[in-house]
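Hello,

I am passing a structure on to you, and I have written down what I found in it. Please open it first and keep it beside you while you read.

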Amino acid sequence: MTSVLHRSLKATYPRAASGHGIHIRDTQGRDYIDASGGAAVSCLGHMHPDVLSAMRKQLEQLEYAHTGFFTTEVAEQLGDDLVAHAPEGMSHVYFVSGGSEAIEAALKMARQYFVEIGQPQRARFIARKQSYHGNTLGALAVGGNEWRRAQFEPLLVKTHHVSPPYAYRDRRADESDAEYGERLAQELEAMIAELGPETIIGFIAETVGGATAGALTAPEGYYRRVREICDRHGILLILDEVMCGMGRTGTLHACEQEGVTPDLMTIAKGMGGGYAPIGGVLVHEKIIDAFASGSGLFQHGHTYLGHPVACAASLAVQQVIRRDNLLENVRKQGTYLTQRLEARFGNHPHVGDIRGRGLFQAIELVADRSSKETFDPARKVHAQIKQEAMARGLICYPMGGTIDGIHGDHVLLAPPFIVTEADIDAIVERLGDAVDAVV
Ligand code: PLP
C-alpha cells in the first residue's frame with residue numbers, strides 16, 4: 001500500500017535507493033544503467049561529488065531568501081554564467097523551478113512584451129504538432145500531444161499548430177532536405193497569413209523535438225527561414241530547450257547548431273542535472289529594454305524562483321561540464337552511439353528510423369519497415385519495452401502516442417555526458433534485447 005499518488009495507480013515502482021555515476025540501485029539491490037538521465041535530466045550522472053559539495057556549502061550559508069526581498073550571490077553568479085554562454089543578445093535569465101514553469105513564464109513574458117510596446121491585439125501563439133512543452137495549462141495549450149491535451153481541452157487557450165520537422169514520416173521521396181525545410185517554413189508563413197500577423201505573439205518550438213516523437217531534428221536551414229519569417233512579421237521566436245538544451249546535443253544550446261538566436265529560450269532539466277529543481281528563461285535584450293522603458297517589472301513570480309541551493313547546484317553543473325570538457329565527450333560518444341545503434345538496429349525488421357544528435361537519440365518502432373506501418377496502439381509496444389528494459393537493468397525513455405491519426409512507438413536515449421564507449425555498448429545491448437523480447 002502507498003499513500004503517494006504515483007503517476008499510475010496500476011503500476012508498482014521499484015524504490016530507488018542510491019545512485020552512482022550512470023547507475024541507480026533500488027532497495028532490492030538491483031542495478032540499472034540510467035541511459036535516459038530519467039527524462040534527459042541527469043547530465044552528470046548521479047551523486048557527483050563537486051555538485052554535492054557546492055550544494056552543501058550553500059546550505060551551510062543560507063538555505064532560502066525570498067526574491068521579493070533579496071537577491072543572492074549564487075543567483076547572480078549563475079545568471080552571469082548562463083548569460084556569458086548564451087547566444088549573443090540574450091542578456092538576462094529568469095529563474096524558475098522546472099520546464100513547465102519556464103514555458104509559462106516565457107509565454108507570459110512574450111505577451112507582456114507586446115502590451116509594453118503598444119500591440120495588445122497580439123494574443124495568439126503558433127506551435128507545432130508532435131510537440132511537448134510541459135503539463136501545466138499554458139504549456140499544455142501550446143503542446144501538440146493530443147493524448148495529453150484531450151480531457152483538459154476546455155481549459156486550454158486556443159493555439160494553432162503547424163507540422164514539425166519529421167523527415168522519416170513527412171519528407172517526400174522527391175524532396176531534398178532543403179526543399180523539405182522550405183515547405184515546413186512555408187506552412188508556418190501560411191498559418192501566419194491566415195490568422196493575421198498582427199494578432200500573433202510568437203512561434204514556439206522545441207529546437208530538437210523530444211518527449212513526443214523522440215529526437216526530431218530539423219532540416220538544415222529550416223530555423224533560419226523561421227527566424228526570418230518571424231522577424232518579417234514582428235513575431236517572437238521562442239525556442240524550448242528544456243530537454244534538448246544545456247549540452248545534450250553537443251553544444252550548450254541546440255540553437256547554436258541552427259545559426260539562430262531566439263527571443264526567448266526555455267531551459268531546465270540538465271540545467272540542474274537532477275540535483276535540484278531549477279529552470280530558466282533566457283531573455284533577449286529587446287524584451288528587457290521594452291520592460292525597462294515600460295512598466296519596469298515582469299508581472300509574474302513564484303515562491304521558489306532563484307532558490308539558492310538550486311542555483312548552487314546548477315552553477316556547479318555548468319562548471320563541471322566546462323572543466324571536464326564534457327561537451328566534447330557528448331559529441332564523441334554521440335557519434336559512437338549512432339554507430340552502435342546503426343549496427344544493432346540498422347537492419348532490424350521493426351526499427352524504421354534511428355535519429356538524433358549528440359547524446360539525444362531515438363529509435364522509431366514499426367510493425368512493417370517497408371510500409372512504415374505502426375504497431376496497434378493497444379499493444380503499447382513502447383510501454384512493454386520500458387518494462388523489458390528495466391528487467392534487464394536499463395532505464396530508457398519510451399514514448400507512444402497518436403498525433404493527427406498517426407500512432408508511434410519510440411525509444412529515446414539521453415545518457416549522462418560522462419558516458420564511456422563501454423557504457424554505450426552495454427546500453428545498446430540491453431536495449432536490443434528488450435526490443436527483441438517485445439517485437
Ligand atoms: N519542455 C520540454 C521540451 C520538455 O521535454 C519538458 C518535459 O519533458 C517540459 C517542457 C516540461 O518540463 P518539466 O517536466 O520540468 O515541467
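Let us start in the middle of a sheet: D240 has T266, a residue of β9, as its bridge partner. Please keep in mind that this is a predicted model, in which local features need a pLDDT of at least 70 and side-chain atom pairs count only at pLDDT 80 or more, while totals for chains, interfaces and linings use all residues. Residue numbers start from 1 along each chain, as its sequence is written.

How confident is the predictor in the chain? The average pLDDT (the predictor's confidence in each residue, from 0 to 100) is 96, and 99% of the residues score at least 70. For the complex, the predictor gives an ipTM of 0.99 and a pTM of 0.98. Where pLDDT is low, predicted coordinates should not be read in detail.

The sheet with β8

Names such as β8 or α4 refer to DSSP runs numbered from the N terminus: helices are H or I runs of at least four residues, and strands are E runs of at least two. Two strands pair if DSSP finds at least two bridges between them. D240 belongs to an open sheet of 7 strands, in which β8 sits between β9 and β7 in the order β4-β10-β9-β8-β7-β5-β6, with mixed pairing. At the edges are β4 (90–96) and β6 (160–162), each pairing on one side only. From one strand to the next, the twist averages 20°; such angles run from 0 to 180 degrees between N-to-C directions, with axes that are lines fitted to C-alpha atoms, for helices over the stretch in contact.

Here is what you will find on either side of β8 (residues 236–240):

- Strand β9 (residues 264–267) pairs with β8 in the parallel sense, over 3 bridges.
- Strand β7 (residues 200–206) also pairs with β8 in the parallel sense, over 5 bridges. Among the partners in β8, I238 goes with I204, and L237 goes with F203.

Is β8 mostly covered or mostly open? β8 is mostly covered, with 5 of its 5 residues buried. Buried here means that 20 or more other C-beta atoms lie within 10 Å of the residue's own; 12 or fewer means exposed, anything in between means partly exposed, and the C-beta atoms are placed from the backbone. In a regular strand, side chains alternate between the two faces of the sheet. Looking at β8, you can see L236, I238 and D240 pointing one way and L237 and L239 the other way, all of them buried. β7 is mostly covered too: 7 of its 7 residues are buried.

Helix α9 (residues 222–232) joins in here, making a right-handed β-α-β unit with β7 and β8. Right-handed means that, with the strands pointing away from the viewer, the path from the first strand over the helix to the second runs clockwise.

Moving outwards from β7, strand β5 (residues 124–128) pairs with β7 in the parallel sense over 3 bridges, and F125 has G202 as its partner in β7. On the other side, β9 and strand β10 (residues 279–284) pair in the antiparallel sense over 4 bridges, with L282 in β10 as the partner of M265.

Two residues to compare

P277 lies in the loop between β9 and β10. P277 counts as partly exposed because it has 17 C-beta neighbours inside 10 Å. A139, in helix α5 (residues 137–142), counts as buried because it has 25 such neighbours inside 10 Å.

The other sheet

Another open sheet has 4 strands in the order β1-β2-β3-β13, again with mixed pairing. Its edge strands are β1 (16–20) and β13 (394–395), each pairing on one side only. Strand β2 (residues 23–26) and strand β3 (residues 31–34) pair in the antiparallel sense over 3 bridges, and R25 stands opposite D31 in β3.

Around the ligand

Which residues come nearest to the ligand? Of the 15 residues around it, these are G98, G99, S100, G134 and M243. A residue counts as near if its C-beta atom, placed from the backbone, lies within 6 Å. Helix α4 (residues 99–116) gives the most to this shell, with 3 residues. By class, the shell has 7 nonpolar, 6 polar and 2 charged residues. Ala, Val, Leu, Ile, Met, Phe, Trp, Tyr, Cys and Pro count as nonpolar, Asp, Glu, Lys and Arg as charged, and the others, Gly among them, as polar.

Enjoy exploring!

Best wishes
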